[in-house]
Each structure stands twice: as C-alpha cells, then as structure tokens.
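Dear colleague,

I am handing over the structure we spoke about, and below it you will find my notes on how its strands and helices are arranged. Please read them with the coordinates open beside you.

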Amino acid sequence: MLWNLKESSVGIGRGHMDYAVFGKGEGGKIGAVFAVARRANAATLIGGGAKGTLWSQITADVLGISLTVTESSDSSLGSAMLAGVAMGVFADPKEAAAKCIKPFRSVTPNSENTEKYQKIFKKYKRIHDALAPVYGDEE
C-alpha cells in the first residue's frame, strides 16, 4: 500500500507526509486544489517543504502535475517582491518575478503514484463526508 513506502529515519513516515499533502485533515479541501491542478500542467512549489525532495515528489504525485522548485523557496518572497514594487525597486510584479524567481529543479509526477493517490483520495473523501456530521464539519 502506498501509505507505507520508504519510512524516513527521523520517525515521520511517508504516510504522514501523504496525509499532510491531502490537506492536514482540513475536510478534503484539497479537492479544490485538485480541480485547479487538472487545468494546469505545472506549478511552482514554495515553502519549507519545497526544500525536501521527498515532499516535493509526493506533492507532484498527488497533484499529478510537474512542479518547479525555485532557488529561494521562502514563502515570504512574494511579499518582499510586492514591497519592492511599492517602493519603486521594480516597475511591476512581472519584473519583480523575472528578477527574483530563479528555477532550481523540476519535479515530474510518477504516473503510477498519481493513479494510486487518486484512488486513495476518493476513499479519503468518502470517509470524510461520512464523518463530517459527527465532527460538525458539514460542507
């Protein structure tokens, strides 16, 4: 089963990471991300998780799209770029992005894993929906 592949040596297993990508238990709201990802063929991954190759691969596999990881994966970079626009350092957000965002590596989804994740997500969603009234998380 996909949930138990390659447990890490620090005590956090791949299954924990899979669950986090599915939405950290936020009521299956990752479904909205899936809907957007189906229309996109690529995205940029930012934040601390982007630094790890396993996390990046899980995210690409779950979403089923190619990801670019940038040299600076700090999630505050966008705010800094907008501040630069406001201060006149950059003419507009496009110029800020062109000067500040540098691709570092690409992550291609593993189609076999993507298919498995889609099946797992359908089951996850059914379980979530069945339990939503119990937890008062009705959508």
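**The sheet and its helices**

Strand β1 (residues 42–45) and strand β2 (residues 66–70) run parallel and are joined by 4 bridges. Please keep in mind throughout that this is a predicted model. If you would like a residue pair by which to find this pairing on screen, take A43, whose bridge partner in β2 is L67. Between the two strands in the chain comes helix α3 (residues 53–63), and β1, α3 and β2 together make a β-α-β unit that is right-handed.

On to the next pairing: β2 also pairs with strand β3 (residues 103–107), this time in the antiparallel sense and again through bridges, of which there are 4. Here V69 stands opposite R105 in β3, while L67, already named as the partner of A43, stands opposite V107 in β3.

Taken together, the 3 strands form an open sheet with mixed pairing, in the order β1-β2-β3. Because β1 and β3 stand at the edges and each has a single partner strand, one side of each is left without a neighbour in the sheet. Direction ignored, neighbouring strands of this sheet are turned against each other by 30° on average. Helix α3 packs on the sheet, where it touches β1, β2 and β3, and its direction makes about 55° with that of β3.

**Where α3 meets α6**

Helix α3 also has a helical partner, since its axis and that of helix α6 (residues 111–135) come within 7 Å and cross at roughly 65°. With that angle, α3 is roughly perpendicular to α6, and the crossing in which α3 passes α6 is right-handed. On the α3 side the residues in this contact are I58, A60, D61 and V62, and they meet N113, T114 and Y117 in α6. Sorted by class, the contact of α3 with α6 has 4 nonpolar, 2 polar and 1 charged residues.

**Where α4 meets α5**

The other helix pair I looked at is helix α4 (residues 77–86) with helix α5 (residues 93–100), whose axes come within 9 Å and cross at roughly 125°. The two helices, α4 and α5, are therefore oblique to each other, and α4 passes α5 in a crossing that is right-handed. Which residues make this contact? From α4 they are L77, M81, L82 and V85, which meet P93, A96, A97 and C100 in α5. By class, this contact of α4 with α5 has 8 nonpolar residues, with no polar and no charged ones.

With best wishes

Methods:
Residues numbered from 1 in each chain as written. Predicted model: local features only at pLDDT ≥ 70, side-chain atom pairs only at ≥ 80, totals over all residues. Heavy atoms only, no water. Axes fitted to C-alpha atoms, helices over the stretch in contact; angles between N-to-C directions. Parallel < 35°, antiparallel > 145°, perpendicular 65-115°, else oblique. Left-handed = near helix turned anticlockwise from the far one by under 90°. Contact = heavy atoms within 4.5 Å. Nonpolar A, V, L, I, M, F, W, Y, C, P; charged D, E, K, R; others polar. Pairing = 2+ DSSP bridges. Right-handed = clockwise from strand over helix to strand, strands pointing away.
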